[in-house]
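Dear colleague,

I am handing over the structure we spoke about, and I would be grateful if you could look through it before reading my notes. What I found in it follows below.

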Amino acid sequence: MSEELITVLDWIAILCLLAGALLSVVAAVGLIRFPDLLSRMHTAAKPQVLGMLLVLVGIGLRLAPVEDTNVFNVGTLLLVGLFQVVTIPVAGHIAARVGYRTGRIRQDLLFRDELADRLASRRDGGDA
Amino acid sequence: MIDPSAEKKARVAAFRRRLGKVQVPIALGMTLVWMLLFNGFQWRWESLGLFVLGFLVSVTIMLVFPLPPIVPGFRFHPLSLAHMLVHILGKMFTASFRVTAWTLSPGEVHSSVIGLRMRTQSDLMMVCTAIASSIIPGTVVVEVTRDEWMLYLHVLGASDEKGIEEARADVMRLERLIVRALGTREDIDMLEAAHPSGKERG
């Protein structure tokens with residue numbers, strides 16, 4: 001590859017890494033700033049997914065021109081991304097579900113809650 | 001007293017039954033992961049060995065830890081798949097900006113828990129929709145019920161009727177794209193039957 005192309009790729013990689021890092025910072029800020037569990041889940045799990053993907057793209061662009069390490073290559077990055085995307089929702093769902101069912105949410109922040117209606121009707125049905 | 005040869009035969013039969021349950025597409029997918037792990041995509045002789053070894057390992061794993069098959073299976077529609085991936089990536093970007101804006105601006109952010117009924121009754125489609133809506137910022141899956149095919153989502157920032165309707169339409173569109181990309185013919189038919197006019201497109 002030519003020198004210029006590598007330089008351009010380097011700059012794109014730097015931008016990706018920076019953007020990813022910024023999104024992770026936002027996630028951290030949101031974690032402190034939001035008052036209840038469910039809102040916190042959003043920032044903890046979300047900008048961070050995109051941030052991580054951007055960081056991976058950045059690393060990939062940096063690695064692609066010098067792909068000879070045999071230890072850490074673009075395939076590994078793909079796997080990291082894939083497994084993060086597939087596993088984060090599982091952890092997030094369990095945390096949200098447990099939080100909801102044990103009442104660790106702020107009802108005053110909810111505009112509408114359709115799940116509460118369902119749980120209530122089911123409980124009544126069970127008693128009858 | 002049990003005849004040893006009969007016992008052996010029963011064991012062989014049980015092994016055969018387990019071997020018959022191995023799902024080849026899934027084994028191939030696991031082989032792909034194996035190849036990625038060991039840098040198998042290069043033109044050299046070791047790659048062939050890696051492929052064979054990976055396939056054997058996948059089959060062994062599926063023999064030792066058998067799982068129920070994915071019913072009714074899935075199909076790839078390459079164009080729709082690309083459409084879906086682009087849509088999800090685009091959504092991730094725009095929604096990330098929205099969540100970032102909410103995070104950095106002062107004041108309380110109100111949200112809602114909405115429930116929506118899946119239009120296709122397939123486990124795989126439901127899981128894919130749940131994963132996709134989970135990795136898109138602004139929505140978290142709180143509860144899933146399989147008997148009613150309902151998905152309950154916590155939507156950040158949906159503080160009025162309009163916001164709720166928008167979020168609902170977003171997830172419906174996501175489901176449509178995913179079913180078009182991965183669903184079997186029956187899944188797609190079920191989706192079209194639920195919304196013949198495609199009115200959620202808005």
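Two residues are taken to be in contact here if their C-beta atoms, placed from the backbone, lie within 7 Å. Please keep in mind throughout that this is a predicted model.

By that criterion, the contact between the chains draws 37 residues from chain A and 36 residues from chain B. On the side of chain A that touches chain B, at least two residues each come from α1 (3-33), α2 (37-63), α3 (74-101), β1 (110-113) and α4 (114-127), and the element that gives the most is α3(A), with 13 residues. Sorted by character, the residues of this side of chain A comprise 20 nonpolar, 10 polar and 7 charged.

The two chains are also joined through strands, since β1(A) and strand β1 (residues 111-117) of chain B run parallel and are linked by 2 bridges; in this pairing D113(A) stands opposite V113(B) of β1(B).

Within chain B, helix α2 (residues 24-37) packs with helix α3 (residues 45-64) at an angle of about 130°, their axes lying 8 Å apart. Angles from 115 to 145 degrees fall outside the parallel, perpendicular and antiparallel classes, and α2(B) and α3(B) are therefore oblique to each other, with a crossing that is right-handed. The residues making this contact include M30(B), W34(B) and M35(B) of α2(B), as well as F51(B), F55(B) and I61(B) of α3(B); overall, the contact of α2(B) with α3(B) divides into 11 nonpolar residues, 3 polar and no charged.

With best regards

Conventions:
Residues numbered from 1 in each chain as written. Chains lettered and ligands numbered in written order. Predicted model: local features only at pLDDT ≥ 70, side-chain atom pairs only at ≥ 80, totals over all residues. Axes fitted to C-alpha atoms, helices over the stretch in contact; angles between N-to-C directions. Helix = DSSP H or I, 4+ residues; strand = E, 2+ residues; numbered from the N terminus. Parallel < 35°, antiparallel > 145°, perpendicular 65-115°, else oblique. Left-handed = near helix turned anticlockwise from the far one by under 90°. Nonpolar A, V, L, I, M, F, W, Y, C, P; charged D, E, K, R; others polar. Pairing = 2+ DSSP bridges.
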